Amino acid sequence: MPDLNHPTSTLIVDTSGAWSTVVVASGSRVLGVTSVRARSSEHLHNIADTLLQMLGIRLATLRNIAVVIGPGSWTGLHIGVSAAKVLGQVLDIPVIPVSSLDVLAAGCKSATDATCALLDAGRKRVYYRWYTPTMTKNGPRVASISDWKESLSRYPATITVIEYGDVWFSELVQHLPHGCLHKQERLLPEALASVAADNPGVSGSKRQALTPHYVQASLFERDLS
Amino acid sequence: MCKPHFLNATFPEVLILGIDTTCDDTSAALVEDGHVIRSNIIASQHMAHERFGGIVPMLAAREHTRNIGIVLAAALEEAGASYTDIDAVAVSNHQGLMLSLVVGLAAAKSVALACGIPLVGVHHLEGHIYSNIMGREDLLPFPFLCLTVAGGHTLLLKINGHSQYALLGHTRDDAAGEAYDKIARRLGLPYPGGPAIERLAQHGDPRAFAFPRPMIDSPSLEFSFSGLKTAVTRAIESFDTTSSPVPVEDLCASFQQAVVDVLVAKTLRAAQRDGLSRIALAGGVAKNAALRSALTSAARKKGFDTYIPEPELCIDNGAMIAGAGYYLMRERGPSGLTIDALANAPLGNQGITYRPDTKYR
């Protein structure tokens, strides 16, 4: 039985979609998870508190906080990031920023040549990022759906597209004659833990300055430039 | 880090962290025993919103998220305190911009959860009312009348006790501060409009334009500023067809005098009608020197005592939230981690609704 209060645990917060998810992990191993389809402003802290109590882990013994910083829900990401950075500040531990697109890709165990993580950006635009089987990344980018479809031609081999959120682009299927389309309503706990374990945390002024990324297509383009 | 509940023990000093992210200011404060301000940090977003001529809610949320950690650290440093010294967290979770409220609420819940201390949700307007007790040794005795006047509301409240309010009157349309902002925008003045108009009004003639004083003779304690705003707009437009420049200073002075006359007259009428000898002023427009001076002077002539917060406590700030939280937690108990933010929420134990055409939850 592992000592759960040994300072190796990471509390992972995901409020990027319709679900509020809290994961406690040790490295990439998930120790516990709670996920509710409800307003994160109301429930996030309560489910985190309940999960930690169930696992018998004290907040003060956490080693890191990880938080999904986007793309995703504007309000949800601001709640998650604000909550995580203040928790990190009070507990004086690093905060690990995590991309929702990276988590989508990590959650897809596909043997295809390329994987694209995709998310609705509103106004018929999408956020997307391409990944090779070795998880080399290309992007992230934001583009109109038609421009994104054109980009498929650059990936002639079979591809996997993982679509995240409540808005499904069902017409995408016809553009994937040699590929497959996965839909995810929420980010998977194992993938959250895996990506959090692979990313560095930030402390001090960098932690204080942490903000959500890619919550709006125009801001995304400005951030990229 | 878990501390004993301060309400169950006799503490020599109770230190409350107050957080306010209701609109476009990010604020955190540490307040001792409900009234001694040890720090009150306010990060203004005026520069970020100025080029848009008003507050952009999504931009406000982004700035709150960026600033909240920095503001919390600054409040602790100025107070010479650490997170382990805090006994409770108070946060404004009711009334304001939803996208802004949730940032402060998330931060407050994180502090409460990590420190193992109670959390109390405070209605933003209650914070403004309690700004009258901040920095004072004595608690303003109940009952008293409070004119709460800001960009989003204009209210006359009878304050009977902690969280015990009676609504005597409110605006039927625009709030007084809203009229200031709209007139300022029409004149091309920088945001925020209230201070800009006040500065120009100091050099103008308040009798230059005979603007209406809406509902000033009505026995009702309700306000209306929409007609006044239209009258000022027409006056500005009358100069558009001539080669004469708009006499901005006279126009600002005349407009401000009309607003002040109505606010003072209605407030004194309310105090007389309800037999209240103490009058308090609160809200962002309470910072206006002309209003402060006129109300104090008129009230003194009628034998009323006036209580007006220091100007820096009239704007949105964390200290007033901490002060209100101290008393409201004793009255209602802690809120728990599942409180939510509400853009429009009823006020006090009686659930007062005070904005026309607004759906309350």
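This passage looks at how chain A and chain B meet in a predicted model, starting with the interface as a whole and ending at A:His78.

Putting the two chains together buries about 2,700 Å², with 65% of that on carbon and sulfur atoms. On the chain A side, the biggest losses of area to chain B fall on A:His45, A:Trp74 and A:Val90, which together make up 22% of what that side buries. As for head count, chain A puts 28 residues into the contact and chain B puts in 31.

Turning to the polar side of things, 11 residue pairs are in polar contact across the interface, both partners being at pLDDT 80 or more. Three helices of chain A, namely H1 (40-55), H2 and H7 (217-224), each supply at least two residues of the side that touches chain B. H2(A) gives the most, with 13 residues. Sorted by class, that side of chain A has 12 nonpolar, 10 polar and 6 charged residues. The count of salt bridges between the chains is just 1: A:Arg39 pairs up with B:Asp340, and their closest N and O atoms sit 2.5 Å apart.

Helix H2 of chain A spans residues 74-91 and is also home to A:His78. A:His78 counts as buried because its relative accessibility is 1%, which falls under the 20% cut-off. Its side chain makes a polar contact of 2.6 Å with the side chain of B:Thr65. Setting aside neighbours within four places in sequence, A:His78 touches A:Pro212 from its own chain, plus B:Ala61, B:Arg62, B:Thr65 and B:Val103 from chain B.

Key. Residues are numbered from 1 along each chain as its sequence is written. Chains are lettered from A and ligands numbered from 1 in the order in which they are written. This is a predicted model: local features need pLDDT of at least 70, side-chain atom pairs count only at pLDDT 80 or more; totals for chains, interfaces and linings use all residues. Side-chain values use heavy atoms; hydrogens and water are left out. Helices (H or I, at least four residues) and strands (E, at least two) are DSSP runs, numbered from the N terminus. Buried means under 20% relative accessible area, exposed over 50%, partly exposed in between (1.4 Å probe, protein chains only). A polar contact is a pair of N or O atoms within 3.5 Å; within protein, one must be able to donate a hydrogen and the other to accept it, and residues adjacent in sequence count only if both atoms are side-chain atoms. Contact means heavy atoms within 4.5 Å. Buried area is the accessible area (1.4 Å probe) that two parts lose on being put together, summed over both. A salt bridge is a side-chain nitrogen of Lys or Arg within 4 Å of a carboxyl oxygen of Asp or Glu. Ala, Val, Leu, Ile, Met, Phe, Trp, Tyr, Cys and Pro count as nonpolar, Asp, Glu, Lys and Arg as charged, and the others, Gly among them, as polar.
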